[in-house]
Amino acid sequence: MALSRVVLASGRSVDLTELRLSATYGDVLEGYPCKPLNDLTIAGLLRSAEHVHPGVPVHLIPPPREYPDQFAGGFGPVEVLPAVTCVGSFRSEALDPGHDRALYRSRLTVVWFQPTSRIPSGCDAETELLDMDWERLATDEEL
């Protein structure tokens, strides 16, 4: 059973089967949010998602980055990502129409950021999530 069903802009329905939410800066003990820290965080999220879901493609929705008017430290200007980091496992019907619908499904792991801990559902999700090109990003797997 899925946590929720998301309807992409293309009309394809995808089921969210697993979701990990975390505070974007929850592990930061010292320093400040900046580009080097954010880039390391994103790279770590991608590696972790690939490790947890081997063989499933991982897609990063590039996060918006804000630059508040604050003092720049030794690592450059303050750069802030949205407050909540999301790693979701999605599945849908097979991409290849020649595949038996009972034996195949398509899968994709997605990493994105959002301002709240709200679970995406229906057409109520971050625009970039709804605009995913599932046919290009996902892959079919045999059950």
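In this predicted model, Leu103 counts as partly exposed, because its relative accessibility is 41%. The residue sits in the loop between E4 and E5. Leaving aside residues up to four places away in sequence, Leu103 touches Glu141, Glu142 and Leu143. Cys34 lies elsewhere: its C-alpha atom and that of Leu103 are separated by 46 Å. Along the chain, these two residues are 69 residues apart.

The strands on either side of this loop also supply an aromatic pair. The structure holds one such pair. It is formed by Phe90 and Trp112, whose ring centres are 6.0 Å apart. The planes meet at 45°, so the pair is tilted; an edge-to-face pair would need an angle over 60 degrees, and a stacked pair one under 30. Phe90 belongs to strand E4 (residues 84–93), and Trp112 to strand E5 (residues 104–114). The pair therefore ties together parts that are 22 residues apart in sequence. Both Phe90 and Trp112 are buried.

Phe90 and Trp112 recur in the largest nonpolar core, which has 19 residues. They are among the residues with the most contacts inside this core, as are Leu108, Val110, Leu129, Met132 and Trp134. Several elements give two or more residues to the core: strand E2 (13–23), E4, E5, helix H2 (127–130) and helix H3 (134–137). In general, nonpolar side chains of soluble globular proteins tend to be buried together. Leu129 touches Phe90, Val110 and Trp112. Its contacts also include Leu8, Ile61 and Pro120. These contacts do not count residues up to four places away in sequence. Apart from the largest core lies another core, of seven residues. Ile42, Ala49, Val87 and Val111 are among its members.

His59 lies in strand E3 (residues 58–60). Its relative accessibility is 18%, so His59 counts as buried. Its contacts include Leu108, Thr109, Val110 and Val111. Met132 and Leu137 are also touched by His59. Again, residues up to four places away in sequence are not counted.

Helix H1 (residues 35–52) has 18 residues. At 1.5 Å a residue, the helix should span 26 Å. Its end C-alpha atoms are 26 Å apart, which agrees. The buried residues of H1 are Asn38, Ile42, Leu45 and Ala49. They cover an arc of only 60° around the axis, so they lie on the same side of H1. In an α-helix, residues three or four places apart point the same way, because there are 3.6 residues a turn. The buried residues of H1 pack against E2, E3, E4 and E5. The face turned away from the buried side carries the exposed residues Leu40, Arg47 and His51.

The disulfide count comes to zero. Two cysteines illustrate this result. The sulfur of Cys86 has its closest cysteine sulfur in Cys123, at 18 Å. A disulfide requires sulfur atoms within 2.5 Å, so the distance of 18 Å is too far for a bond. For Cys123, the closest cysteine sulfur is that of Cys86. The surroundings of Cys86 and Cys123 contrast: Cys86 counts as buried because its relative accessibility is 0%, whereas Cys123, at 58%, counts as exposed.

Notes. Residues are numbered from 1 along each chain as its sequence is written. This is a predicted model: local features need pLDDT of at least 70, side-chain atom pairs count only at pLDDT 80 or more; totals for chains, interfaces and linings use all residues. Side-chain values use heavy atoms; hydrogens and water are left out. Rings of Phe, Tyr and Trp (its six-membered ring) pair if their centres lie within 6.5 Å; planes under 30 degrees apart count as stacked, over 60 as edge-to-face and the rest as tilted. Helices (H or I, at least four residues) and strands (E, at least two) are DSSP runs, numbered from the N terminus. Buried means under 20% relative accessible area, exposed over 50%, partly exposed in between (1.4 Å probe, protein chains only). Contact means heavy atoms within 4.5 Å. A nonpolar core is a set of buried Ala, Val, Leu, Ile, Met, Phe, Trp, Tyr and Cys residues joined through side-chain atoms within 4.5 Å. The expected span of a helix is 1.5 Å times one less than its number of residues. The arc is that of the directions from the helix axis to the C-beta atoms.
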